[in-house]
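Q: Hi! I have a structure open and I'd like some help reading it. Can we go through it together?

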Amino acid sequence: MPETLEPVYSTLADDPEMAALVEMFVDDLPAKRLQLRSLREQGLLADARRVAHQLRGSAGSYGFAALTIQAGRLEDALRRECAVEQVDREFADLLDMMARIRPGRREE
């Protein structure tokens, strides 16, 4: 279970060369989240593993190391064909984290 319910921010959002790319990555996450949820509901676990693998590979490039780790946990659980309870927990944790991803801290 994630340790916090706080937003997860990119470490690269303040990099002028990366800010727009980080925004695009974050903008695409709701669709990826829906895709993962749908694949889980349909029992298409090999496809869900591929999406988790892609997310694992890309999240770190956009400054989201925690998301890389969480996507890796789901990918690993699916690859090892873990018990359904663990797979469900990894899905829930990843979907929760994806919902909390933000491009960068907003000035208040």
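Q: Which residue with a positive phi follows α3?
A: That's E81, with a phi near 55°. Keep in mind that this is a predicted model.

Q: Okay, and where does α3 itself sit in the sequence?
A: Helix α3 covers residues 65-79, so to speak its address, and has 15 residues. From its first C-alpha to its last it reaches 21 Å, close to the 21 Å expected at 1.5 Å a residue.

Q: Which of its residues are buried?
A: The buried residues of α3 are L67, T68, Q70, A71, G72, L74, E75, A77 and L78.

Q: And what do those buried residues pack against?
A: They pack against three helices by name, α1 (19-42), α2 (45-59) and α4 (84-100), and also against β2 (101-102).

Q: Let's zoom out. How many helices and strands are there in the protein chain?
A: You'll find 4 helices and 2 strands. Along the sequence they follow the pattern β-α-α-α-α-β.

Q: Why does the radius of gyration agree with a compact globule?
A: Because a compact globule with 108 residues would have a radius of gyration near 13 Å, and the protein chain has 14 Å. Its C-alpha atoms fill a box of roughly 40 × 25 × 20 Å along the principal axes.

Q: What share of the protein chain is buried?
A: Buried residues make up 36% of the 108 residues.

Q: New topic: how many positive and negative side chains are there?
A: The protein chain has 15 positive and 20 negative ones, and the centres of the two sets lie 5 Å apart.

Note on methods: Residues are numbered from 1 along each chain as its sequence is written. This is a predicted model: local features need pLDDT of at least 70, side-chain atom pairs count only at pLDDT 80 or more; totals for chains, interfaces and linings use all residues. Side-chain values use heavy atoms; hydrogens and water are left out. The expected span of a helix is 1.5 Å times one less than its number of residues. Buried means under 20% relative accessible area, exposed over 50%, partly exposed in between (1.4 Å probe, protein chains only). Contact means heavy atoms within 4.5 Å. The radius of gyration is taken over C-alpha atoms; the globule rule is 2.2 Å times the number of residues to the power 0.38. Lys and Arg count as positive and Asp and Glu as negative; His and the chain ends are not counted. The place of a charge is taken as NZ of Lys, CZ of Arg, CG of Asp or CD of Glu.
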